[in-house]
Each structure stands twice: as C-alpha cells, then as structure tokens.
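Please open the model in a viewer and keep the sequence panel visible. The stops below suggest what to select and describe what is found there.

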Amino acid sequence: MSTPRDTSKLVKDFICGEILRDPDADLDEEENLFVSGQVDSVGIMRLVAHVESALGIKIPPGDLVPDNFRTVTAMSSYLDGLTRVPGS
C-alpha cells in the first residue's frame with residue numbers, strides 16, 4: 001500500500017518527466033493543471049495508465065471526471081482512497 005506522500009510523488013514525477021518533459025519542473029500540487037495548460041485529456045489518460053500499472057489498480061470509467069484529476073492533491077487523494085485498505 002502506498003502512502004499519500006508516495007502517491008503524490010508518483011503523480012508529480014510522471015507529470016514532470018513524461019508530460020512536461022522537465023523532471024526538475026516546480027509543479028505546485030494545488031495548481032489546476034487543466035486551466036494552466038500543463039495537462040490535457042491525452043496527458044491525463046497517459047497518467048491514468050501509468051498509475052494503474054504502478055499501483056496495481058483499475059480506475060472505474062465513472063471516476064474519470066475532472067474533479068478527481070484537476071490538481072496533484074486531488075489526484076493523490078482520489079488514488080489513496082482507491083488503494084486504502086478497508087478498516088485502516
């Protein structure tokens with residue numbers, strides 16, 4: 001099981017390295033990635049495929065909504081909820 005910090009790092013590292021092509025980018029975890037133009041719908045789908053593989057999860061199609069992926073913080077919270085063990 002990943003921790004919230006691990007999930008945030010996983011998301012940030014992928015966005016910076018694979019989408020922005022700048023592993024050293026200073027990505028604000030609260031910035032709206034869609035409004036800023038840093039991530040588009042294709043980028044989100046690439047990110048979804050990456051986190052599904054890295055975390056061993058499947059994101060339900062109904063959960064692929066902007067609110068779950070708008071910021072690094074939103075993504076991390078959503079993903080941590082999917083990977084949380086019931087009762088923990």
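Leaving aside its neighbours within four places in sequence, with which residues is I15 in contact? Select I15 first: beyond those neighbours, the contacts are with L20, L27, L33, V39, L47, V72 and M75. Bear in mind throughout that this is a predicted model.

**The nonpolar core**

Keep I15 displayed and add V11, L47, I59 and M75. These five residues have the most contacts inside the largest nonpolar core, a set of 20 residues. Two or more residues of this core come from each of α1, α2 and α4, and α1 gives the most, with 6 residues. As a general background, nonpolar side chains in soluble globular proteins tend to be buried together.

**Helix α4**

Next, select residues 72-83, which form helix α4. With 12 residues at 1.5 Å a residue, α4 should span 16 Å, and its end C-alpha atoms are indeed 16 Å apart, so expectation and model agree. Colour the buried positions of this helix: V72, M75, S76, Y78, L79, D80 and T83. Two of these residues, V72 and M75, have already appeared among the contacts of I15.

**The approach to α4**

Step back to T71, in the loop between α3 (66-69) and α4. Is T71 buried or exposed? Its relative accessible area is 10%, which means that T71 is buried. Show the side chain of T71 together with the backbone of A74: a polar atom of that side chain lies 2.9 Å from the backbone nitrogen of A74. Then display E29, E30, E31, N32 and L33, with which T71 is in contact when its neighbours within four places in sequence are left aside. L33 is also one of the contacts of I15.

**Salt bridges**

A search of the whole structure finds 6 salt bridges; the following stops include some of them. Select K9 and D13, whose side chains meet in a salt bridge at 2.6 Å, N to O. Both residues lie in helix α1, 4 residues apart, or about one turn of the helix. In an α-helix there are 3.6 residues a turn, so residues three or four places apart point the same way. Both partners are partly exposed: the relative accessible area of D13 is 43%, and that of K9 is 48%.

Now select E18, R21 and R46, which are linked in a network of salt bridges. The side chains of R21 and E18 meet at 3.7 Å, N to O, and those of E18 and R46 meet at 4.0 Å, N to O. Because E18 lies in helix α1 and R46 in helix α2, the latter pair ties together parts that are 28 residues apart in sequence. How exposed is each member of the network? R21 is exposed, with a relative accessible area of 60%. E18 counts as partly exposed at 35%, as does R46 at 34%.

**An exposed loop residue**

For the last stop, select D26, in the loop between α1 (4-19) and α2 (41-55). The relative accessibility of D26 is 78%; the cut-off for an exposed residue is over 50%, so D26 counts as exposed. Finally, draw a distance from the C-alpha atom of D26 to that of V65: the two residues are 39 apart in sequence and 25 Å apart in space.

Note on methods: Residues are numbered from 1 along each chain as its sequence is written. This is a predicted model: local features need pLDDT of at least 70, side-chain atom pairs count only at pLDDT 80 or more; totals for chains, interfaces and linings use all residues. Side-chain values use heavy atoms; hydrogens and water are left out. The expected span of a helix is 1.5 Å times one less than its number of residues. Buried means under 20% relative accessible area, exposed over 50%, partly exposed in between (1.4 Å probe, protein chains only). A nonpolar core is a set of buried Ala, Val, Leu, Ile, Met, Phe, Trp, Tyr and Cys residues joined through side-chain atoms within 4.5 Å. Contact means heavy atoms within 4.5 Å. A polar contact is a pair of N or O atoms within 3.5 Å; within protein, one must be able to donate a hydrogen and the other to accept it, and residues adjacent in sequence count only if both atoms are side-chain atoms.
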